[in-house]
Structures are given as C-alpha cells and as structure tokens.
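Biologist: Before we begin, may I ask you to guide me through this model, one feature at a time?

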Amino acid sequence: MLKGYVDAYRSLDEIEYLNIAFKNADFIIKHLKTNNYKLYRNFKNGKATINGFADDYAFTIQAFISLYQATFEEKWLNEADNLLSYAIEHFYDKENGMFYYTSDIDPSLIARKMEVSDNVIPSSNSEMAKNLFLIGRYTYNNKYIEMAKKMLNNVKENTIKGGSYYANWGVLLAWFSDKTYDVSIVGEECNEIRKEFDKHFLPNVFLSGGKNEGKSPLLKDKLISNQTTIYVCQDKACKLPVNEVNKALDQIKDY
C-alpha cells in the first residue's frame, strides 16, 4: 500500500500523496518496527502483534527504497538497509541463497516454506532479490548484488519460461542482462530535476541525489558549488557532468 502511494504521487497531486506516504512510513517506524528492526504485521488497540513474515519485510523495504527515490532523503534508504540486514539474519538460508517465509524466531514448523513464484503480488523472494540488487547499487555493497544474482540463478530457467508467474524475477533478470545506469543529481535543485526525469520511462536507470553529498557513495565528490549537476554513470565510471536533463538522457543513449 505504501509503495502505491509513492508511485501515485508522481502523476497526481505530489504533496497530497507524498504526505500520505510519509504518514504510512512513520506509522510503520513508530508502531510496527522495534529498535532492532524486527517488524510486526498487525496493530490493534494500541498494540503491535504477530511477527512479520518475509513479504512484510520485502515490501516495506521496497517502499522505503521508493520513498528515497521520490525524495532523496537518505533516512529512508538507511531504514531499508537496516530492515534488509535484519531479514538476512533471521530469514535467509545460506545454503540455497533464498529467504524462508517465516523467521527463525517464530515457533518451529514441520517445514519452513519459501515463496518463489509470483502471483497476484510478487513473491517475497523475488521482491527481496530486487531489494538486494537496489540497496547493493546504492550503497556499493557488492555482497548484496551477488546474493541477488544467486537468487536469480536459482530460478533463471523458470523465469525465462514461466511468464507471468515469474514476472517480478523478470525485472531483475533484465537488470542483470542489459545496460543499467546510475544517475546522480547533486545540488539545491536536485528534486526539481528529479521530477523532470520522472516524466520519462527509464526502467534501467537508478536515480540518487541530494542537496549535498551526504553519506552516499554514489554522491561522493560530486557536489559543485552554486549549481545542480547531473552525473550519468555505469559500473562506477561517470561521463562529464551536465546541468540539463536532455543532455543526461543523450549521454544514456550514447553509452
């Protein structure tokens, strides 16, 4: 639901929908998340109950990544990264590289199952694999990217043949198979320029930015005084900075 609000704001009333997204995210942080980043999935009469399942983590992480992409506020990416670390600790099977649906602190079951195929909503594993890929890109964490690749390789044949039942895996396959770009926007007008990029369909472009460099490795040493600058990068190598979206799009085409 939170991700839906984040995506909807892009084409409708930005302030209204973004405020709703913030309220949802703040509610999760204040009432459904513990200090060690465990999530609960239910809240009633002022009390949070029921340990979160893998999809609760996967979609909350994805929503926080979307909030970062929509605002360039680093705290959302940090929240996503911390939730992902918790999920790896308590849901991840190191042997096969996939995530169990239930946590290792939940009551023991006869068998711990794993969601793999996508259905009406994506499976927890396909969404978690995409989260690993994205946070790995944003934080220069190659371990996460390798984990995402291993997950994809586990279902690669089914992804190629499985059609809609592996649609979300197909997105990840496209990211690994085709050229992808990191576009960093640094300076006071970063959000205005981001809105211009949002008008274009760029499924293989990952936006990052801020009014200053913050702590993001993608933005390090990219701030130029008194201007907002766009960097088009691939495999950590960047073209010359530009100040206009059209010029950046031309760089992407020419890469």
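Biologist: In what order do the strands of the open sheet stand?

Modeller: The model is a predicted one. Its open sheet is built of 4 strands with mixed pairing. Strands of a sheet pair through backbone hydrogen bonds, either parallel or antiparallel. Read across the sheet, the order is 6-5-7-8.

Biologist: Which strands stand at the edges, each with a single partner strand?

Modeller: An edge strand has a single partner, so one side of it is left without a neighbour in the sheet. This applies to strand 6 (205-210) and strand 8 (237-238).

Biologist: How many bridges join strand 5 to strand 6?

Modeller: Strand 5 covers residues 181-186 and runs parallel to strand 6. Asp182 stands opposite Phe206 in strand 6. The two strands are joined by 6 bridges.

Biologist: Which helix packs on the sheet, touching strand 5 and strand 6?

Modeller: The element in question spans residues 124-139. Its direction makes about 45 degrees with that of strand 6. The name asked for is helix 5.

Biologist: Which cysteines form a disulfide?

Modeller: The structure holds 1 disulfide. A disulfide requires two cysteine sulfur atoms within 2.5 Å, and the sulfur atoms of the linked residues are 2.0 Å apart. The link is right-handed, with 95 degrees about the S-S bond. The partners are Cys233 and Cys238.

Biologist: Is Cys233 buried or exposed?

Modeller: A residue counts as buried under 20% relative accessible area. Cys238, at 36%, is therefore partly exposed. Cys233 has 5% relative accessibility, so this residue is buried.

Biologist: Why does Cys190 form no bond with the closest cysteine sulfur?

Modeller: Cys190 is buried, at 2% relative accessibility. The closest cysteine sulfur belongs to Cys233. A bond is ruled out because the distance is too far, namely 16 Å.

Biologist: What is the angle between the planes of Tyr92 and Phe99?

Modeller: The model contains 14 aromatic pairs. In one of them, Tyr92 and Phe99 lie 5.1 Å apart, centre to centre, and the pair is tilted. Tyr92 is buried with a relative accessible area of 16%, and Phe99 is buried at 0%. The angle between the planes is 55 degrees.

Biologist: How many residues apart are Tyr181 and Tyr255?

Modeller: Tyr181 and Tyr255 form a tilted aromatic pair, 5.6 Å centre to centre, with 45 degrees between the planes. Tyr181 is buried at 5% relative accessibility, while Tyr255 is partly exposed at 25%. Tyr181 lies in strand 5 and Tyr255 in the segment after helix 9 (245-254), so the pair links distant parts of the chain, 74 residues apart.

Biologist: Which residues do ring pairs link into a cluster?

Modeller: One member, Phe206, also stands opposite Asp182 across the strands. The cluster consists of Phe133, Trp175, Phe176 and Phe206.

Biologist: Over the ring of which residue does the charged end of Lys33 sit?

Modeller: The charged end of Lys33 is 4.1 Å from the centre of the ring. Arg194 lies over the face of Phe72, at 5.7 Å from the ring centre. For Lys33, the ring is that of Tyr37.

Biologist: What value is phi of Asn226 near?

Modeller: Asn226 lies in the loop between strand 6 and strand 7 (229-234) and is exposed at 84% relative accessibility. Its phi is positive, in a residue other than glycine. The value is near 65 degrees.

Key. Residues are numbered from 1 along each chain as its sequence is written. This is a predicted model: local features need pLDDT of at least 70, side-chain atom pairs count only at pLDDT 80 or more; totals for chains, interfaces and linings use all residues. Side-chain values use heavy atoms; hydrogens and water are left out. Two strands pair if DSSP finds at least two bridges between them. Contact means heavy atoms within 4.5 Å. Axes are lines fitted to C-alpha atoms, for helices over the stretch in contact, and angles run from 0 to 180 degrees between N-to-C directions. Buried means under 20% relative accessible area, exposed over 50%, partly exposed in between (1.4 Å probe, protein chains only). Rings of Phe, Tyr and Trp (its six-membered ring) pair if their centres lie within 6.5 Å; planes under 30 degrees apart count as stacked, over 60 as edge-to-face and the rest as tilted. A charge sits over a ring if NZ of Lys or CZ of Arg is within 6 Å of the ring centre and within 35 degrees of the ring normal.
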